[in-house]
Amino acid sequence: MSFISGFLTKDFCSIVADGRMSQGAKTVGENYKKFMLAESNILIATTGNAQVADIIKDFIKRLHVQSNGAQLNWQLYVNVIQQFVKETLKEAKDIDGNCVNQIVVICGVNGNKIMALAFGQTDAGYIQREYLPEENEQRFFTMTPPGVNPDAVTKEFISITNKIEIRTYSDIVIVQSKLQDYVAEIDSGKSVNTHKMGMGARIDGINGRFKEWSSGN
């Protein structure tokens, strides 16, 4: 299972992912943190190929070393991630010799705006999507496993939010955690329940107050 959900407002973003990580068809971990804090106000999340996730993490570490402690900007991360996904992953194979299906999301503060961008290589080819909430608007988006209908996930999100009125950022976390459990239940590839663990990160405000959280099984 590889599932990412994002929730954006004009001054808040929250990214949640499951903990399952794979190498080819083999599951190698159920508690892998699929998101990383690139800067104090920039989050990067990825779906579940372990080699690709580790490459991205190592690359970010090298960027930080090269910057000598200076904060790197949004556009730099967008450029390098876009190039990596669009060019390097296009021909990448997993350990079983199959094409890598991977989506990488960058989410956070760009100038004075909260936004998210998703870049991916899928069976349908290269994808690129932008999520930018307008004033007083909430934007919700998901990256779903191949065997899960995105429309079903959206309907479940609506059903959950009809029962839980979103008044605080904590309410958003509750909604995303419940949605994580729903996708784990309907995912056709599940073998154990530990991948119902939701691990997330959020940035409150344009100044980037960062917080991590995790849910139980």
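Strand β5 (residues 35-39) and strand β6 pair in the antiparallel sense, with four bridges between them. This is a predicted model, and β6 is a good place to begin a tour of it. β5 and β6 form a hairpin, with two residues between them. Within this pairing, Met36 stands opposite Ile44 of β6.

On to the next partner: β6 is also joined to strand β7 (residues 102-110), by five bridges, and these two run antiparallel. Here Ile42 stands opposite Gly108 in β7.

The two pairings of β6 can be set out like this:

| Partner of β6 | Sense | Bridges | Citation |
|---|---|---|---|
| β5 (residues 35-39) | antiparallel | four bridges | |
| β7 (residues 102-110) | antiparallel | five bridges | |

How many residues of strand β6 (residues 42-46) are buried? Five of the five are, so the strand is largely enclosed by the rest of the structure. In a regular strand, side chains alternate between the two faces of the sheet. In β6, Ile42, Ile44 and Thr46 point one way, while Leu43 and Ala45 point the other way, and all are buried.

Now let us visit a helix. Gln82 is found in helix α2, which covers residues 74-88. Is Gln82 buried or partly exposed? Gln82 counts as partly exposed because its relative accessibility is 23%, and buried would mean under 20%. Leaving aside neighbours within four places in sequence, Gln82 is in contact with Phe119, Tyr126 and Gln128. Gly120 lies 38 residues from Gln82 along the chain, and the C-alpha atoms of these two are separated by 8.6 Å.

Terms used. Residues numbered from 1 in each chain as written. Predicted model: local features only at pLDDT ≥ 70, side-chain atom pairs only at ≥ 80, totals over all residues. Heavy atoms only, no water. Buried < 20%, exposed > 50% of the residue type's maximum accessible area, 1.4 Å probe, protein only. Contact = heavy atoms within 4.5 Å. Pairing = 2+ DSSP bridges.
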